[in-house]
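Here are my notes on the structure you asked me to look over. They are meant to be read beside the coordinates, point by point.

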Amino acid sequence: MTHRVFFPLIATALICGGSLIVDASQPKRPTVPAKTSVSPKKPPVTKPVQPQWKLFTAPDGRFTVLMPGMPKKESQTQKTYMGEIELEIFSAQPPKQEVAYLVVSNEFPHSYGQMTNPQEILNNVQEMALKTTQSNLISQRNIRSSNGHPGKEFAYINVGGKITRTRIYVAEGRLYQVMAITTRKQQKNLAKTITGYLNSFHIVLKR
């Protein structure tokens, strides 16, 4: 019997629940009464706020990653056929940028982690991400962490036009999901930044 990782990708809950909102809509222009003559004013030119990227180390020391400021930490419990799984979510959203950066990790029950092939877990996580977010796959490839743990990188776009680039890894009985969620327009502008963010993630081996 094929085991499946049956918990929803946490990014969906965060975005739909309003914790992290990547809004691509344009602000509405105020209506001007027909009889009022108002000379058009050019909006002031403001430079985008550049976030201060800093190296973040997880409280348990299991991973490090560059984040645009101190990430917000949340914990969630997900019920699965394996029992309850505790999710740790670290998220950051730079001001005035339509992008959210997340790292989600959870520990598998010992027996499941020992019995299940890591590649099967990675494939199931990708499948559930696409199904849960009702997204179309853009690209995928198998990867490994800097210290040799199996992983997968894939990108997908949902019906609302949000693009997620994610790298997932299975290491020492844990699943790590490293994600950047943005709009189609911002994805082009932030492509190099997002790649640098994904490249900065490192799993720290426990001794």
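The points below cover a small set of strands, the aromatic pairs, one helix and a run of hairpins.

1. Status of the model. This is a predicted model. Please read every distance and angle below with that in mind.

2. The open sheet. Three strands make up an open sheet, ordered β1-β2-β10, with antiparallel pairing. β1 (53-57) and β10 (202-203) are the edge strands. Each has a single partner strand, so one side of each has no neighbour in the sheet.

3. Pairing inside that sheet. β1 pairs with β2 (residues 63-68) in the antiparallel sense, over five bridges. To check the register, start at K54: its bridge partner in β2 is M67. Helix α5 (residues 191-199) packs on this sheet and touches β1, β2 and β10. The direction of α5 makes about 155° with that of β2.

4. Aromatic pairs. The count comes to 11 aromatic pairs. One of them joins F63 and F90, edge-to-face, at 5.8 Å centre to centre with 75° between the planes. F63 sits in β2 and F90 in strand β4 (residues 83-92), so the pair ties together parts 27 residues apart in sequence. Are these two residues buried or exposed? F63 has 2% relative accessibility, and the cut-off for buried is under 20%, so F63 counts as buried. F90 is also buried, with a relative accessible area of 2%.

5. A second pair, on α5. Y101 and Y197 have ring centres 4.8 Å apart and planes at 65°, so this pair is edge-to-face. Y101 belongs to strand β5 (residues 99-107) and Y197 to helix α5; the pair links distant parts of the chain, 96 residues apart. Y101 is buried, at 0% relative accessible area. Y197 is buried too, at 1%.

6. The cluster. F63 and F90 also belong to one aromatic cluster. Its other members are F56, Y169, Y176 and F201.

7. Helix α3. This helix (residues 118-133) has 16 residues. From first C-alpha to last it reaches 23 Å, close to the 22 Å expected at 1.5 Å a residue. Which residue caps its N-terminal end? N117 does: a side-chain oxygen of N117 lies 2.7 Å from the backbone nitrogen of Q119. After the helix comes Q134, with a positive phi near 50°.

8. Burial along α3. The buried residues are I121, L122, N124, V125, Q126, M128, A129, L130 and T133. An α-helix has 3.6 residues a turn, so residues three or four places apart point the same way. The list includes polar names as well, among them N124, Q126 and T133.

9. The β6-β7 hairpin. Strand β6 (residues 135-144) and β7 run antiparallel and are joined by nine bridges. R141 has E153 of β7 as its bridge partner. Five residues lie between the strands of this hairpin, and G148 takes a positive phi near 90°.

10. The β7-β8 hairpin. β7 also pairs with strand β8 (residues 162-171), in the antiparallel sense, over seven bridges. Here Y156 has T164 of β8 as its bridge partner. Three residues lie between β7 and β8, and G161 in the turn has a positive phi of about 90°.

11. Setting of β7. How many residues of strand β7 (residues 150-158) are buried? Eight of the nine are, so β7 is largely enclosed by the rest of the structure.

How values were computed: Residues are numbered from 1 along each chain as its sequence is written. This is a predicted model: local features need pLDDT of at least 70, side-chain atom pairs count only at pLDDT 80 or more; totals for chains, interfaces and linings use all residues. Side-chain values use heavy atoms; hydrogens and water are left out. Two strands pair if DSSP finds at least two bridges between them. Helices (H or I, at least four residues) and strands (E, at least two) are DSSP runs, numbered from the N terminus. Contact means heavy atoms within 4.5 Å. Axes are lines fitted to C-alpha atoms, for helices over the stretch in contact, and angles run from 0 to 180 degrees between N-to-C directions. Rings of Phe, Tyr and Trp (its six-membered ring) pair if their centres lie within 6.5 Å; planes under 30 degrees apart count as stacked, over 60 as edge-to-face and the rest as tilted. Buried means under 20% relative accessible area, exposed over 50%, partly exposed in between (1.4 Å probe, protein chains only). The expected span of a helix is 1.5 Å times one less than its number of residues. A polar contact is a pair of N or O atoms within 3.5 Å; within protein, one must be able to donate a hydrogen and the other to accept it, and residues adjacent in sequence count only if both atoms are side-chain atoms.
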